[in-house]
Amino acid sequence: MSPDPTSQQPDEETPLLQSEGNSTPVKKPQTPLPWRQFSMLLVLQIAEPMTSQVISPFAPQLIRDIGITHGDEALVSFYVGLLHSLFFATEALTIFHWSRLSDYIGRKPVLLIGLFGLSLSMFCFGLSKTFWSLVISRCLNGALNGNIGVMKSMTAEITDSTNVARAWAFLPLAWSSGSTLGPLIGGELARPADRFPNIFGDSAFLKKYPYFLPCAVPATVSALTWIIAFLYLKETTTPRININQLLPWKKRKISPSPTLEPLPVSSTISDKPVPIRALFVRRVLIATGSYAGIALIDIAFRTVQPVFYATPISLGGLGLDTPTIGTILALQGILNGAMQPLAFARLYDIMGAKKLWLFAVTCALPMVALLPTLNTLARSSGIVQSIWYLVTLQVALMGCTSFAYGISFMYITAASPNRASVGATNGFAQVIVSIMRAVGPAAANSAFSISIEKQYLGGNLVYFVMLGMVCMAMGVGILLPRTM
């Protein structure tokens with residue numbers, strides 16, 4: 001008896017399956033995550049937040065030490081914000097080209113270049129003694145870093161619709177691990193000859209370069225992860241240009257590297273990368289806008305937060321020292337990392353993508369409002385126990401806000417025109433996000449400096465600017481489709 005040609009056959013692109021003889025849709029069984037490769041992606045992703053966040057605890061003191069402000073405390077925040085912005089500004093100029101290149105030569109070669117760039121630039125940053133050498137090192141860090149878009153593409157290619165939410169829940173865990181280790185390393189190892197004289201007191205090198213040690217640790221981690229990726233990471237896409245063909249001694253016989261079988265990203269049949277203009281469509285732009293919105297809020301808060309903690313109470317901050325700031329930022333990373341795998345997938349199943357994204361961004365409103373509240377309490381009562389309760393609440397709200405990242409990644413992957421353009425779509429989104437991350441620190445930290453110096457809105461101008469960023473992001477989130 002021949003099969004009925006009209007009967008529906010289950011395939012990997014069908015989110016709901018129908019059981020035989022029953023019209024009631026049943027949920028498709030969840031595909032297990034390919035942990036061997038996925039765990040390597042998680043380890044590799046730790047390198048970038050570690051290198052970007054390691055400078056946060058000591059950046060205010062570093063700016064004071066090099067003398068660029070000439071003792072003007074109000075300018076410290078401006079220059080700290082500039083250092084953060086330069087990384088993302090140069091990243092915005094290059095990251096699309098890295099992601100686009102990964103569609104042609106493969107993800108792995110671009111990933112290895114990015115890890116090398118992170119390591120080299122951090123060693124240079126630790127050896128910098130002038131503001132301009134810091135600028136060059138930071139620009140080099142951003143220009144050579146194409147990893148974040150490539151790793152998102154690789155994650156999309158090793159997952160499907162049944163396990164993608166679990167994958168995106170674990171990616172923030174890797175980011176949070178780096179965000180935890182970075183500030184902890186920066187806070188504890190900055191100026192080691194002064195903090196640990198019994199161990200490093202005789203080191204003339206560390207006295208001359210007091211910030212080399214905290215920069216050398218993430219630089220070394222990036223170098224070690226380069227070795228791991230080179231030896232064990234498998235390619236997840238089929239390169240359109242085999243780089244071995246460009247090497248004359250390998251032209252005779254070419255053995256393609258083993259690849260993981262990529263899974264469908266969209267229903268488009270074409271397997272060729274689309275032109276750039278094809279990315280300027282509504283679904284890609286809205287998905288990118290949601291990512292850019294949460295990234296702007298996140299980077300603005302992350303760059304103002306340590307400066308606020310380091311600023312004297314009389315000028316609008318809390319007057320905390322570098323080790324305390326590093327500990328707070330590390331605990332923030334730990335809590336954020338714990339919340340993502342424990343709660344993200346469950347909340348996604350309960351609330352759905354759009355509602356969870358809006359809930360996460362809404363949490364940023366009280367998170368920002370707690371900054372002036374903390375200073376008001378410190379002015380009246382000093383650093384008392386209630387302040388630490390509010391700091392803990394603020395850290396928890398930061399973790400809730402980070403839920404929006406996973407949702408945005410899912411929307412961007414679903415918006416890709418076809419499987420061959422995943423890298424380009426992620427690269428395009430990362431360009432816009434990098435621009436926002438370049439604007440965010442400069443705008444927020446400049447507003448913080450102006451708030452201190454001019455006392456606009458009672459010294460609270462910066463918080464109104466940040467609340468405005470939250471409102472703009474919520475406006476974009478309303479446009480997100482209910483389903484992907």
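1. Start with how the chain folds back on itself. In this predicted model, residues 24 or more positions apart account for 81% of the contacts with a separation of 6 or more. The protein has 19 helices and 2 strands, and buried residues make up 54% of its 484 residues.

2. S77 gives you a concrete case of such a long-range pairing. This serine lies in helix α3, and its C-alpha atom is separated by 6.8 Å from that of S446, although the two are 369 residues apart along the chain. Not counting residues up to four places away in sequence, S77 touches V307, N445, F448 and S449. Is S77 buried or exposed? Its relative accessibility is 2%, so S77 counts as buried.

3. Stay with α3 for a moment and look at its partner, α4. Helix α3 covers residues 76-105 and helix α4 covers residues 107-126. Their axes come within 9 Å and cross at roughly 160°. Angles over 145 degrees count as roughly antiparallel, so that is the label for α3 and α4. As for handedness, α3 passes α4 in a right-handed crossing.

4. Which residues of α3 and α4 meet? From α3 come L83, W98, S99, L101, S102, D103 and I105; from α4 come R107, P109, V110, I113 and F125. Sorted by type, the residues of this contact are 8 nonpolar, 2 polar and 2 charged.

5. Now find helix α6, residues 147-157. How many of the residues of α6 are buried? The count is 11 of the 11, so α6 is largely enclosed by the rest of the structure. Don't expect just greasy side chains here: the buried residues of α6 include K152 and E157, along with N147, S153 and T155. Others in that buried set are I148, V150 and M151.

6. T288 is another one to click on. You'll find T288 in helix α12, which spans residues 282-310. With a relative accessibility of 4%, T288 counts as buried. Leaving aside neighbours within four places in sequence, T288 is in contact with I412, F428, A429 and I432.

7. Two backbone angles deserve a second look. Most residues other than glycine have a negative phi. R191 has a positive phi of about 50° although it is not a glycine; R191 lies in the loop between α7 (164-189) and α8 (192-195). L457 also has a positive phi of about 50° without being a glycine, and L457 is found in the loop between α18 (422-454) and α19 (461-477). Are these residues buried or exposed? R191 counts as partly exposed because its relative accessibility is 30%, while L457 is exposed, with a relative accessible area of 52%.

8. Finally, a word on how far to trust what you see. The mean pLDDT of the protein is 79, and 85% of its residues reach 70 or more. Confidence is highest in helix α14 (residues 353-362), at a mean of 94, and lowest in strand β1 (residues 16-18), at 35. Over residues 1-25 the pLDDT stays under 50, and the model has 26 contacts beyond four places in sequence for that stretch. Residues 246-270 are also below 50, with 39 contacts in the model beyond near neighbours in sequence. Where pLDDT is low, the predicted coordinates should not be read in detail.

Note on methods
Residues are numbered from 1 along each chain as its sequence is written. This is a predicted model: local features need pLDDT of at least 70, side-chain atom pairs count only at pLDDT 80 or more; totals for chains, interfaces and linings use all residues. Side-chain values use heavy atoms; hydrogens and water are left out. Axes are lines fitted to C-alpha atoms, for helices over the stretch in contact, and angles run from 0 to 180 degrees between N-to-C directions. Helices (H or I, at least four residues) and strands (E, at least two) are DSSP runs, numbered from the N terminus. Angles under 35 degrees count as roughly parallel, over 145 as roughly antiparallel, 65 to 115 as roughly perpendicular and the rest as oblique. A crossing is left-handed if the near helix is turned anticlockwise from the far one by less than a right angle, and right-handed if clockwise. Contact means heavy atoms within 4.5 Å. Ala, Val, Leu, Ile, Met, Phe, Trp, Tyr, Cys and Pro count as nonpolar, Asp, Glu, Lys and Arg as charged, and the others, Gly among them, as polar. pLDDT is the predictor's confidence in each residue, from 0 to 100. Buried means under 20% relative accessible area, exposed over 50%, partly exposed in between (1.4 Å probe, protein chains only).
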